[in-house]
Every structure is written in C-alpha cells, then in structure tokens.
Amino acid sequence: MYSHLRMATVVLLTLISISIAQDPDVILSIEGTSLNYESTADIYGFQFFHDGCASGASGGDATDAGFTISSSEGVVLAFSFSGSFISAGSGTLVDLGSECETLSDFVFSGQNGSLLTSELSDGGGDPILPTVSIVSPANGSSFTDVTSV
C-alpha cells in the first residue's frame, strides 16, 4: 500500500512540475500605451480582448511586419494577408492608442497556425506560480520520509 501511494505521489508531482515548468512562447507587458513582447517563436498573428481602451491600436512591430490590424470596441485582431511574420525577439507589438488596464484572452499564432502560449506579465519579474499543497492520506497514515518521495 505504501509503495503504491509513494508511486502515485511521484507521478502527481512529476506531472505538476512538467505543467509548471513550461515557459510561455510570448510574454507581454504594458508600458504606457505600448504592448511589448518577448517571443521565442515567430508570430504570425494575434488577437486579444480589451475594455474599450485599445480601439485605436496601431503601429509597432505588427505594422512593421505588414500586419493588418483591426481593432473594435472590445477586440484587437492582427495578421498578414501575405504570410509575413514578426520574428522571434522583443519589441513593441502594437501601440494600444491609450493606457489600458484590462487586456485578456490572448491568442497568438505561430507558423502553420500553431498555437503559441502567452502570458501578460505585470512587469515585476518572474510570473507568479501556483502553490501546491500535499495533504496526508485519507486513511490516516502519514509520510515517514518526505525526501524520498
């Protein structure tokens, strides 16, 4: 019984560490009216929602790459009709047109339409990771040697 519990705990911790350890492909930050990015992959298109603050979004590396930027009262969508892309690296993705507090539901596309993971950073360094708590087994037994798990 103890060996099965130990194995289940090891598998669980391994899965959690794998899911936490994957860095996003695109990290975003807001500086004034600029939506900045750091990307490890080429960006072929992007979309995000806003609270009305980015209805005039334009410019940045998106325009330099030949993207068509469409912005409405709640959504910004940008891509290239010619297949051009924003090269991996960093810079200003787009100028939002005004200062924004609420940007959400980012979708970034990579080569051949692949999904790129993204994260909006608060600019304060590393992103906040979830806390994992391990409780004792329901049958009342306890872990006797946590370091071996």
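Among contacts in the protein between residues at least 6 apart in sequence, what percentage join residues at least 24 apart? The figure is 68%, and the stops below visit some parts of the chain that lie far from each other in sequence. Keep in mind as you go that this is a predicted model.

**Stop 1: the whole chain**

Start with everything shown as a cartoon and coloured from the N terminus on. You should be able to follow the elements in the order α-β-β-β-α-β-β-β-β-β-β, which gives two helices and nine strands. Now switch on the surface: its accessible area is about 9,100 Å², and carbon and sulfur atoms account for 54% of that. Of the 149 residues, 24% count as buried.

**Stop 2: the four-stranded sheet**

Hide the surface and select β1 (residues 26–31), β2 (residues 34–39), β6 (89–95) and β9 (118–120). Together these four strands make an open sheet with mixed pairing, and the order across it is β6-β2-β1-β9. β6 and β9 each have a single partner strand, so they stand at the edges with one side left without a neighbour in the sheet. Look along the sheet to see how its neighbouring strands are turned against each other: the average is 25 degrees, with direction ignored.

Next, zoom in on β2 and β6. These two strands run antiparallel and pair over six bridges. For an example, pick E38 and find its bridge partner in β6, which is S90.

**Stop 3: the disulfide**

Select C53 and C100 and show them as sticks. A disulfide joins them, with an S to S distance of 2.1 Å, and the count for the model is one. Where along the chain do C53 and C100 sit? C53 is in the loop between β3 (45–50) and α2 (60–64), while C100 is in the loop between β6 and β7 (103–109), so the link spans distant parts of the chain, 47 residues apart. Turn the view to look at the S-S bond: the torsion about it is about 115 degrees, so this disulfide is right-handed. Are C53 and C100 buried or exposed? Both are buried.

**Stop 4: I30 and its contacts**

Keep C100 on screen and add I30, which belongs to strand β1. C100 is one of the residues that I30 touches; show L35, L96, L103 and L120 as well, since they are on the contact list of I30 too, once residues up to four places away in sequence are set aside. I30 has a relative accessibility of 31%, so it counts as partly exposed.

To finish, draw a distance from the C-alpha atom of I30 to that of T92. It should read 9.3 Å, for two residues that are 62 apart along the chain.

Definitions and conventions
Residues are numbered from 1 along each chain as its sequence is written. This is a predicted model: local features need pLDDT of at least 70, side-chain atom pairs count only at pLDDT 80 or more; totals for chains, interfaces and linings use all residues. Side-chain values use heavy atoms; hydrogens and water are left out. Buried means under 20% relative accessible area, exposed over 50%, partly exposed in between (1.4 Å probe, protein chains only). Contact means heavy atoms within 4.5 Å. Accessible areas come from the Shrake-Rupley method with a 1.4 Å probe; for residues, only the protein chains shown count as cover. Two strands pair if DSSP finds at least two bridges between them. Axes are lines fitted to C-alpha atoms, for helices over the stretch in contact, and angles run from 0 to 180 degrees between N-to-C directions. A disulfide is a pair of cysteine sulfur atoms within 2.5 Å.
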